[in-house]
2 protein chains.
Amino acid sequence: MRVGICGLGTVASGVFNLLERNAGEISRKTGTSIKVAQIGARRDHPDVNSGDTPVTRNLFDVVSNPDVDIVLELIGGTDTALELVKQAISHGKHVVTANKAMIALHGDELFSLAAEKGVQVRYEAAIAGGIPIVKAIREGLAGNEINWLAGIINGTSNFILTEMERPGLNLSFAAVLEEAQRLGYAEADPTFDVEGIDAAHKLTILSSIAFGIPLQFDAMFTEGISRITAEDIRYADELGYRIRHLGITRKSSHGIELRVHPTLIRKDEMLAQVSGVMNAVMVGSDAAGRTLYYGAGAGAGPTASSVVADIIDIVRNPTSSIPNLGFVPESLADLAICPIASISCPVYLKVLVQDRPGVMARLTSILGDHDISIESLIQKDAHGADAAIVMITDDAPEHAINEAMLEIQSLAAVRGEVMRIRVAELAE
Amino acid sequence: MRVGICGLGTVASGVFNLLERNAGEISRKTGTSIKVAQIGARRDHPDVNSGDTPVTRNLFDVVSNPDVDIVLELIGGTDTALELVKQAISHGKHVVTANKAMIALHGDELFSLAAEKGVQVRYEAAIAGGIPIVKAIREGLAGNEINWLAGIINGTSNFILTEMERPGLNLSFAAVLEEAQRLGYAEADPTFDVEGIDAAHKLTILSSIAFGIPLQFDAMFTEGISRITAEDIRYADELGYRIRHLGITRKSSHGIELRVHPTLIRKDEMLAQVSGVMNAVMVGSDAAGRTLYYGAGAGAGPTASSVVADIIDIVRNPTSSIPNLGFVPESLADLAICPIASISCPVYLKVLVQDRPGVMARLTSILGDHDISIESLIQKDAHGADAAIVMITDDAPEHAINEAMLEIQSLAAVRGEVMRIRVAELAE
């Protein structure tokens, strides 16, 4: 099989070098060799010695090159990338991509074009870097009905939250973000990562392959981590929890939940052990129960690992009938995505109040009025005459929490903004 | 595709019921239906309503039944099972099995028979129950050179060790084993599980698919957990470690390490978080780095999940060219398995001594004589005039440790047996 590489950035250079370095090992595993027939890139990469591999500055040469069987789309973005992939498919070539945004936003269209042409579009590298999570869900758990999944699928925000956890340092979000930028873990404009958009792209895809639904990025609820303070992390710790930026998708009686937000998880959960830039996805399914997949979520090596795994899959099974989303297209179910207001979960509430008699009674009676019961509560001295009241509620409907928060916010004794962080209750 | 089920015990009943319960979901994923054409079982199972599925008391009917495309070997053991599988292959049928002992001991022969006949023999369910670990290694990480893997692959021994960890209870191995037997987690004769034989079967297979070597169960080093005491667990905890019964296989300059033994792991390792009957395997590879796979290692549901995943794989890719061990047979490398005496790792040493002057000096000078340096050391009062000296050494060759242990054991002040537990240093 001959591959053509579009792009020569970090990921593409990793792929080129991995194919070269492990050529022997790969041919032991496939009984054949994988040859890079052409690289299309606007510029060279310092880590790549392309040797006698033909290089073109016009990426569109690659997708029409008759010597190319599999096109690797590794330029990212959704404009040129999309056009490249469409043309590659129309030329009857298989496609392997690491492009989460393109798959999340245009996957349905691409998959139907690919089905017409009888070619494969593979995207293991789009989600959670080196973790073979797409394979695990589409194939390894294919006998199961999947009930939910929850994942740490953005290394940047996980790095920030777990750095903020470091005891005694009281690091702010802003301070750690700066550190992450210095270390190259966060972009100059960190919005995509810390506001959960990147995670939302990945979760969109995970939700589709878990439940067999069309890709619905627009229906996602997304909340970032920039409002989380070192104090929240400390209080959560005292209550037995850690805070992670989770992507959660779940079948409920209202439809499919699809949400990315900061989340409290009990400390003894495997997901709570995931720190730094690592990723992990836990899947709850009817036969296998809970399974978890953990590894590096980004970087040249891990991403290249998944791209090359996809290439090897195509080499081994060029006529594979694994549907792109794991479900045959006619069977995709148009299940409704629940609006966030219809979900129900416990929440962490932090209310800063002037420490005067009767405040606690008012607070708890507002919660009671909305049928929200309190699972645990701590009161902490804050600056001056203020106190922080921190609670974990029992399971409660989002709309009830919203209404209660509005009422609490309007109390004269309440300072600043009431903070709510949802709590994940991961079923068995 | 039509399957024939051999056996109707816990696993087989789980498979039958899963195929039935999720028939709709499975046909959404495959575009076809999977029909059970025949069950061969010496007796019925209380949880299975076979309805109008033909049942035979002669298991060999199933493997020759022309209505059967895939034979599920779910009877276990290595006598009748082996004969059934051989006959199934000779009749040109694909085979799916959960039988680790059969694959570990006879896999090479079966795979070569299957290759001649152009059929698949799949065994995801043989290792770590519901965790798709075979798929992850053979496919998901196929682009990598794998350097090592370490796994908790026996739920019984993990349950025992983590129960013994419960603070304040000081539970002995024997007491927890009894509890495990009461709960159905351990057999009446627990040897297979607690002495590491079951884990060794699984590790044999994992090692072959990681490194592309023939199955070599006989070369395995195996040590059980029955000598671990609550005290060892407490001391390990003080030193920053937990004790797990690990299967470890690793490429070293001496060849392939292949060993199952109790192991100290640093508390912050993901593997140290795995408790109860859960399983997990961590894989160290050159591109993806460390990835971990976690889930239930046994039980009807999880095992059935993996059996059905294998069936679905065959349905989707009946002509798949994934080699049985992940490497094409001609490429299997006859790498030497290192004898345990040639490995090198840090160890935990516990020496019970009469608390008199000079003992510590003798001890440490013996270690020094063998070029073994001490990483950390605690001394604890034991019963009466005795003291326990507990050390973690730096990396040291096994033969040096063995010699030092002999000398220490011969000291007049030493009571009882010197205890050695190897420490896992999991590379990045």
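## Close-up views of a predicted two-chain model

**View 1. Six strands of chain B line up in an open sheet, in the order 3-2-1-4-5-6, with parallel pairing.** Let's look at the two ends of that row: strand 3 (55–56) and strand 6 (121–122) of chain B are the edge strands. Each has a single partner strand, so one of its sides has no neighbour in the sheet. Keep in mind that this is a predicted model.

**View 2. At one edge of the sheet, strand 2 (residues 35–40) of chain B runs parallel to strand 3 of chain B.** Two bridges join this pair. To find one of the residue pairs, start at Ile39(B), whose bridge partner in strand 3 of chain B is Val55(B). In general, the strands of a sheet pair through backbone hydrogen bonds.

**View 3. Helix 7 (residues 155–164) and helix 8 (residues 173–183) of chain A cross at roughly 125°, their axes coming within 9 Å.** Helix 7 of chain A is therefore oblique to helix 8 of chain A. The crossing is right-handed. Where do the two helices touch? Helix 7 of chain A contributes Phe159(A), Ile160(A), Glu163(A) and Met164(A), while helix 8 of chain A brings residues including Phe173(A), Val176(A) and Leu183(A). Of the residues in this contact, eight are nonpolar, two are charged and none is polar.

**View 4. Chain A superposes on chain B after a rotation of 180°, with 0.0 Å of shift along the axis and an RMSD of 0.0 Å.** The two copies are thus related as by a two-fold rotation axis. Both use the same surface, as 100% of the contact residues of chain A recur in chain B. Which residue of chain A comes closest to the rotation axis? Look for Tyr293(A), with its C-alpha at 2.4 Å.

Conventions
Residues are numbered from 1 along each chain as its sequence is written. Chains are lettered from A and ligands numbered from 1 in the order in which they are written. This is a predicted model: local features need pLDDT of at least 70, side-chain atom pairs count only at pLDDT 80 or more; totals for chains, interfaces and linings use all residues. Side-chain values use heavy atoms; hydrogens and water are left out. Axes are lines fitted to C-alpha atoms, for helices over the stretch in contact, and angles run from 0 to 180 degrees between N-to-C directions. Helices (H or I, at least four residues) and strands (E, at least two) are DSSP runs, numbered from the N terminus. Angles under 35 degrees count as roughly parallel, over 145 as roughly antiparallel, 65 to 115 as roughly perpendicular and the rest as oblique. A crossing is left-handed if the near helix is turned anticlockwise from the far one by less than a right angle, and right-handed if clockwise. Contact means heavy atoms within 4.5 Å. Ala, Val, Leu, Ile, Met, Phe, Trp, Tyr, Cys and Pro count as nonpolar, Asp, Glu, Lys and Arg as charged, and the others, Gly among them, as polar. Two strands pair if DSSP finds at least two bridges between them. Copies are superposed by least squares on the C-alpha atoms of residues with pLDDT of at least 70 in both.
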